[in-house]
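User: I would like to learn how to read the features of a model like this one. Please take them in turn, with the general idea before the case.

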Amino acid sequence: QVQLVESGGGLVQPGGSLRLSCVASGSISSIITWAWYRQAPGKQRDLVAAITNDGSTSYSDSVKGRFTISTDNAKNTLQMNSLEPEDTAVYYCNAKSKRPWPRGGVYDAWGQGTQVTVSS
């Protein structure tokens, strides 16, 4: 079982930067893919960025060139630059993880969410 704890959210002015961190504990070796999602009030939770164990990254069109996802073993980081008011949301860390043998399959572990507010 993987548990995720997020930190780094806060209030920042447009054009500013924040770095979100997600630390995993438990069955860390079972993690296949790391990702960050975000959910604005009244909106659906959307994928922002993802990274696989081989280092391959992907980003939503709205954050390409501004956000960078990286991972180092039990830690996942989302560097957010040139922040815009539209980036305001609760950000959730996600880890797609293998279930223990013999059950198999994968499951999603989620962080508790951290608020990012971009406002002047």
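Analyst: A disulfide is a pair of cysteine sulfur atoms within 2.5 Å. Keep in mind that this model is predicted.

User: How many disulfides does a search of the whole structure find?

Analyst: The search finds 1 disulfide. It is formed by cysteine 22 and cysteine 93, whose sulfur atoms lie 2.1 Å apart. The pair ties together distant parts of the chain, with cysteine 22 in strand β3 and cysteine 93 in strand β9, 71 residues apart.

User: Which hand does the link of cysteine 22 and cysteine 93 have?

Analyst: The link is left-handed, with -90° about the S-S bond.

User: Is cysteine 22 buried or exposed?

Analyst: Buried means under 20% relative accessible area. Cysteine 22 has 0% relative accessibility, so it counts as buried. Cysteine 93 is also at 0% and therefore counts as buried.

User: Next, the sheet. What is the order of the strands in the open sheet of 4 strands?

Analyst: Two strands count as paired if at least two bridges are found between them. Here the order is β1-β3-β8-β7, and the pairing is antiparallel. The edges are held by β1 (2-7) and β7 (67-72); each has a single partner strand, so one side of each lacks a neighbour in the sheet. From one strand to the next, the twist averages 15°.

User: How many bridges join β1 to strand β3?

Analyst: There are 6 bridges between β1 and β3 (residues 18-26), and the two run antiparallel. To place the register, take valine 2, which stands opposite glycine 26 in β3.

User: And what joins β7 to β8?

Analyst: These two strands also run antiparallel, joined by 6 bridges. Isoleucine 69 faces leucine 78 of β8 across the pair. β7 and β8 form a hairpin with 2 residues between them, and asparagine 73 in the turn has a positive phi of about 55°.

User: How do I read the side chains along a strand, and which residues of β11 point to one face and are buried?

Analyst: In a regular strand, side chains alternate between the two faces of the sheet. Along β11 (residues 114-118), Thr114, Val116 and Val118 point to one face and are buried. Gln115 and Thr117 point to the other face and are not buried.

User: Which strand pairs with β11 in the parallel sense?

Analyst: Strand β2 (residues 10-12) does, over 3 bridges. Valine 12 is set opposite valine 118 of β11. Strand β9 is joined to β11 by 3 bridges as well, but that pair runs antiparallel. The bridge partner of alanine 89 in β11 is valine 116.

User: What does the largest nonpolar core contain?

Analyst: A nonpolar core is made of buried residues of nonpolar types joined through side-chain atoms within 4.5 Å. The largest one here has 27 residues. Those with the most contacts inside it are Leu4, Trp34, Trp36, Phe67, Leu78, Met80 and Tyr91. Methionine 80 is worth following: leaving aside residues up to four places away in sequence, it touches Gly16, Ser17, Leu18, Leu20, Arg66, Phe67, Tyr91 and Val116.

User: Last, the charged pairs. How many salt bridges does the structure hold?

Analyst: A salt bridge needs a side-chain nitrogen of Lys or Arg within 4 Å of a carboxyl oxygen of Asp or Glu. The structure holds 5 salt bridges. One of them joins the side chains of aspartate 61 and lysine 64 at 3.1 Å, N to O, and both of these residues are exposed.

User: With which residue does glutamate 84 form a salt bridge?

Analyst: Its partner is arginine 66, with the closest N and O atoms 3.9 Å apart. Glutamate 84 lies in the loop between β8 (75-80) and β9 (89-98), and arginine 66 in the loop between β6 (57-59) and β7, 18 residues apart. Glutamate 84 has 33% relative accessibility, so it counts as partly exposed. Arginine 66 has a relative accessible area of 11% and is therefore buried.

User: Where is aspartate 87, which meets arginine 66 in another salt bridge?

Analyst: Arginine 66 and aspartate 87 meet at 2.7 Å, N to O. Aspartate 87 is in the loop between β8 and β9, 21 residues from arginine 66. Both arginine 66 and aspartate 87 are buried. Through shared partners, salt bridges join Arg38, Arg66, Glu84 and Asp87 into one network.

Key. Residues numbered from 1 in each chain as written. Predicted model: local features only at pLDDT ≥ 70, side-chain atom pairs only at ≥ 80, totals over all residues. Heavy atoms only, no water. Buried < 20%, exposed > 50% of the residue type's maximum accessible area, 1.4 Å probe, protein only. Contact = heavy atoms within 4.5 Å. Axes fitted to C-alpha atoms, helices over the stretch in contact; angles between N-to-C directions.
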